[in-house]
Amino acid sequence: MGNKWSDRLILSVVPLKSMVRSLFIFKVAHTPRRIFNVFKILLSMKLSRWMKKPVVWGIPPIVMVEPTNICNLKCPMCPSGNGDMARPRGRLDLQNFKKLMDDIGPYVYQIQFWNQGEPFLNKQFLDMVRYAKHYGVMTQTSTNGHFIRTLDEAKAVVQSGLDQIIFSLDGTNPETYAKYRVGGDFNVVMKGLENLAQAKRELKSKRPLIELQFLVFKHNRDELAEIVNIARKNQVERVAFKTAQIYSAEQGLEYLPQDTDFTRYEFDGKEFKLKSELPNFCKRLWLNSTVNWDGSVSPCCFDKDADYAMEFLFEKKVPFKTVFKNEKYMAFRRQILTDRKSIEMCRNCTEGLKEPYARIVEIQDKISIEHFLNEMRQKEPTKVELK
Ligand code: SF4
């Protein structure tokens, strides 16, 4: 995995170069209110870290919104797919989403439409994207790619104004794909990609930027160069090779690749340990927040069952800004700043990893592809060719 200072500088795992390129594609209004909010929240985050006491000015520039926690697939390590999730299943209501946007829309930069579940299983999902776009925010979703079945469906996605779409595709053929994406159909996903690329061409739209997310497992470790080939042939702009999260040693032994490059854990023969010192800090508690379909607010997407949820927005009609600074949220931040290890989910997350948890390859950028393929050639010289 890349470990450059530029990769670490920014808010997520997207390298600086990719982020700059994205700025020319995404349609975002850089209003004074938005810029001032980022300035305030960054300042309060820095101060909190320094003082080891939480201070919060402003709201997070990135809010994850869960359209639904229902899914059509049964991926074995996903709590939504494997049935481990205990919280009720449901879909976010459009009117509730509108109220949320009216509250936070002028301040946030980005709405990420995902969490647990498949966003397209909420029929009002694209209406939500349209509504968010009125506020000039960047909109992003992540899908298993089974609901862009026709050119018309693809055109509806493009016309909604969605800025970025991430397809989960961790296999280059039906067999490898189905090993993790249980219940999924590789050919349906490929057709979805094709439809979307065609819709973008016909509508002469640069958006949504198409990204493939490839979770690297033992069973697909040999297919990294091939997925780059697939991306090039399908007008995909970006591939993210992502390390997988596991919940037990059994899962680690079954799924994780043996080379340490594409795993966020170290195996000591008995246990898988996260490659992190687990610092007493988490930038997500200032820069991100997660609103689940029922209006409960979780500190981050690792709170799969909303065990650490702060309050319900919709039920009690509480503004997001109030929840973001309420006593429970502040106490959670305090605990992270002094004793992160005491919180179970915070011992198994990507925050504070020594290396980025994803490796991004820009498909339009020859240098990015060559750099990646060279790395791969050093590891497995016979398998890495572009076609
Ligand atoms: S699980 Fe990780 S990302 Fe979430 S609050 Fe804890 S430290 Fe932050």
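Which residues of helix H5 are buried? Keep that in mind as you open this predicted model.

**Stop 1: helix H5**

Select residues 94-104, which make up H5. Now color Phe97, Leu100, Met101 and Ile104: these are the buried residues of the helix. They sit on the same side of H5, because they cover an arc of only 100 degrees around the axis. An α-helix has 3.6 residues a turn, so residues three or four places apart point the same way.

Next, turn to the face directed away from the buried side. Pick out Gln95 and Asp102 there; both are exposed.

**Stop 2: the cover over H5**

What covers the buried residues of H5? Show strand E1 (62-65) and strand E9 (288-291), which are among the covering elements. Add helix H6 (125-134) and helix H13 (320-324), also included in that cover.

**Stop 3: the sheet**

Stay with E1 and E9. They run parallel, and four bridges join them. Zoom in on Val63: its bridge partner in E9 is Ser289.

Now widen the view. Nine strands form an open, mixed sheet, in the order E10-E9-E1-E2-E3-E4-E5-E6-E11. Select 297-298 for E10 and 358-362 for E11; these are the edge strands, and each pairs on one side only.

Then add helix H2 (residues 16-25), which packs on the sheet. H2 touches strand E5 (209-215), strand E6 (238-242) and E11. The direction of H2 makes about 55 degrees with that of E11.

**Stop 4: the ligand**

Finish at the ligand. Select the residues that surround it, including Cys282, Cys300, Cys346 and Cys349. Add Arg284, Arg340 and Glu351, which also belong to the surrounding set. By class, the shell has eight nonpolar, three charged and no polar residues.

Note on methods
Residues are numbered from 1 along each chain as its sequence is written. This is a predicted model: local features need pLDDT of at least 70, side-chain atom pairs count only at pLDDT 80 or more; totals for chains, interfaces and linings use all residues. A residue is near a molecule or strand if its C-beta atom, placed from the backbone, lies within 6 Å of it. Ala, Val, Leu, Ile, Met, Phe, Trp, Tyr, Cys and Pro count as nonpolar, Asp, Glu, Lys and Arg as charged, and the others, Gly among them, as polar. A residue is buried if 20 or more other C-beta atoms lie within 10 Å of its own, exposed if 12 or fewer, and partly exposed in between; C-beta atoms are placed from the backbone. Helices (H or I, at least four residues) and strands (E, at least two) are DSSP runs, numbered from the N terminus. The arc is that of the directions from the helix axis to the C-beta atoms. Two residues are in contact if their C-beta atoms, placed from the backbone, lie within 7 Å. Two strands pair if DSSP finds at least two bridges between them. Axes are lines fitted to C-alpha atoms, for helices over the stretch in contact, and angles run from 0 to 180 degrees between N-to-C directions.
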